[in-house]
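Dear colleague,

I am handing over the structure below, and would be glad if you could look through it alongside the notes that follow.

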Amino acid sequence: MNSNEYDELLIRVEEDLRQYKLTPIISDTVPLYKETQLEGVTFLKGNNAFIFVDKDLSIFDKAKTLVEEYFHAISDLGNHLDYDELHANNDEVDARESIIEYMTNEQTILKLVQKYPDQSFEPWMIMDELGYDREFAEETVTYYERQGLIN
């Protein structure tokens with residue numbers, strides 16, 4: 001993922017937040033991890049959706065964190081601090097799956113399948129074509145295998 005693709009994703013997240021009647025206030029220039037040990041934080045105040053992403057993350061990790069925080073904002077008003085451990089874990093799993101779908105939709109996967117018709121679908125295809133890191137590419141393949149889109 002390059003900076004232009006990240007900027008396009010940022011604009012998409014802002015537009016999607018507006019669809020929920022939220023005013024996006026997004027910053028990816030704060031040393032969040034150094035201060036909190038968190039890569040991203042979301043909270044809502046009134047109609048404002050505040051999303052903070054650590055400034056020192058790679059572009060791809062910023063993108064993943066941005067989308068994860070977006071889903072926290074729209075799923076339950078970003079209030080993860082009051083959850084019991086089981087509910088918080090389930091919310092993180094749901095958010096992760098939503099991130100995969102948001103960043104890599106079915107059409108993108110099908111295009112990659114068509115590009116490599118004589119090969120089984122592998123994480124390296126996503127890494128090469130979309131610039132994802134290995135872990136996220138593997139999670140994406142596993143997710144779409146569970147969905148029955150690829151095998």
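The notes below cover the strand hairpin, one residue within it, and the nonpolar core.

Please bear in mind that this is a predicted model, in which local features need pLDDT of at least 70 and side-chain atom pairs count only at pLDDT 80 or more, while totals for chains, interfaces and linings use all residues. Residues are numbered from 1 along each chain as its sequence is written, and side-chain values use heavy atoms, with hydrogens and water left out.

Strands S2 (residues 40-45) and S3 (residues 48-54) run antiparallel and are joined by six bridges; strands are DSSP runs of E with at least two residues, helices runs of H or I with at least four, both numbered from the N terminus, and pairing requires at least two DSSP bridges. Gly40 has Val53 of S3 as its bridge partner. Two residues separate the strands of this hairpin, and Gly46 in the turn has a positive phi of about 65°.

Thr42 lies in S2 and counts as buried because its relative accessibility is 9%, the cut-off being under 20% relative accessible area with a 1.4 Å probe and protein chains only. Its side chain makes a polar contact (N or O atoms within 3.5 Å, one able to donate a hydrogen and the other to accept it) with the side chain of Glu69, at 2.6 Å.

The largest nonpolar core (buried Ala, Val, Leu, Ile, Met, Phe, Trp, Tyr and Cys residues joined through side-chain atoms within 4.5 Å) has 34 residues, of which Leu17, Leu66, Met103, Phe121 and Ile126 touch the most other members. Helix H3 (59-76) is among the elements giving two or more residues to this core, and its seven residues are the largest share.

With kind regards

How values were computed:
Buried < 20%, exposed > 50% of the residue type's maximum accessible area, 1.4 Å probe, protein only.
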